[in-house]
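Biologist: Please take a close look at the cysteines here, and then at the packing around them. Keep it brisk.

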Amino acid sequence: SIYLSHNLGSPEDLLASLKWLQRAADMGHPEAQCGLGAAHLVGNGFEQNAEVAATWFRCAAQNGNSCAQCNMGALYAQGLGGLPLDFKQALRWYEASAEQGNADAQHNMALMYAQGLGGLPCDLVR
């Protein structure tokens, strides 16, 4: 995971890192699941595939990972990863993430309030 987040080492290090990340994700480790989703989303060591990314983000999000919850919100808000454009689902995931203190999710929720998306009243104060 350090290799993936800091681009350190050689291509062989990337393959080893992905192997261990995959093993941890398969064992249900939420941070590894989120990391694997991110690698698939941007094509870091894998062919870029937003649908596979969404699958891993959902696993991690359901296991309580706030970063993955925020990412699920973003995928729904944009209709990416084979998911429908659904602001209510986006809000649901952003709220779960924001409640854990994720600043990105809090920011995205503020944007939704400012625009009145997802059934929210337009509220520039909140």
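Modeller:

**Cysteines and core**

A search of the whole structure, which is a predicted model, turns up 0 disulfides. A disulfide is a covalent bond between the sulfur atoms of two cysteines. Take Cys67. Cys67 takes part in no disulfide. Its nearest cysteine sulfur belongs to Cys34, 3.7 Å away. The cut-off for a disulfide is 2.5 Å between sulfur atoms, so that pair does not count. Cys67 is partly exposed, at 39% relative accessible area. Cys59 is also partly exposed, and its relative accessible area is 30%. A nonpolar core takes buried residues, and buried means under 20%, so Cys59 at 30% is not a core member. The same reasoning leaves out Cys67, at 39%.

Now the packing. The largest nonpolar core has 23 residues. Within this core, Phe57, Met72 and Tyr94 touch the most other members. Four helices each supply at least two of its residues: H4 (50-62), H5 (66-78), H6 (87-98) and H7 (103-115). H5 gives the most, with 6 residues.

Phe57 leads back to the cysteines. Leaving aside residues up to four places away in sequence, Phe57 touches Cys34. Its other contacts are Gly37, Ala38, Leu41, Ala68, Asn71, Met72 and Leu75. A second core stands separate, with 8 residues. Leu18, Leu21, Ala25 and Trp56 are among them.

Last, the rings. The whole structure holds 0 aromatic pairs. Trp93 does have a charge over its face: Arg92 lies there, 4.4 Å from the ring centre.

How values were computed. Residues numbered from 1 in each chain as written. Predicted model: local features only at pLDDT ≥ 70, side-chain atom pairs only at ≥ 80, totals over all residues. Heavy atoms only, no water. Phe/Tyr/Trp six-rings, centres within 6.5 Å; stacked < 30°, edge-to-face > 60°. Lys NZ or Arg CZ within 6 Å of the ring centre and 35° of its normal. Core = buried A, V, L, I, M, F, W, Y, C linked by side-chain atoms within 4.5 Å. Buried < 20%, exposed > 50% of the residue type's maximum accessible area, 1.4 Å probe, protein only. Contact = heavy atoms within 4.5 Å.
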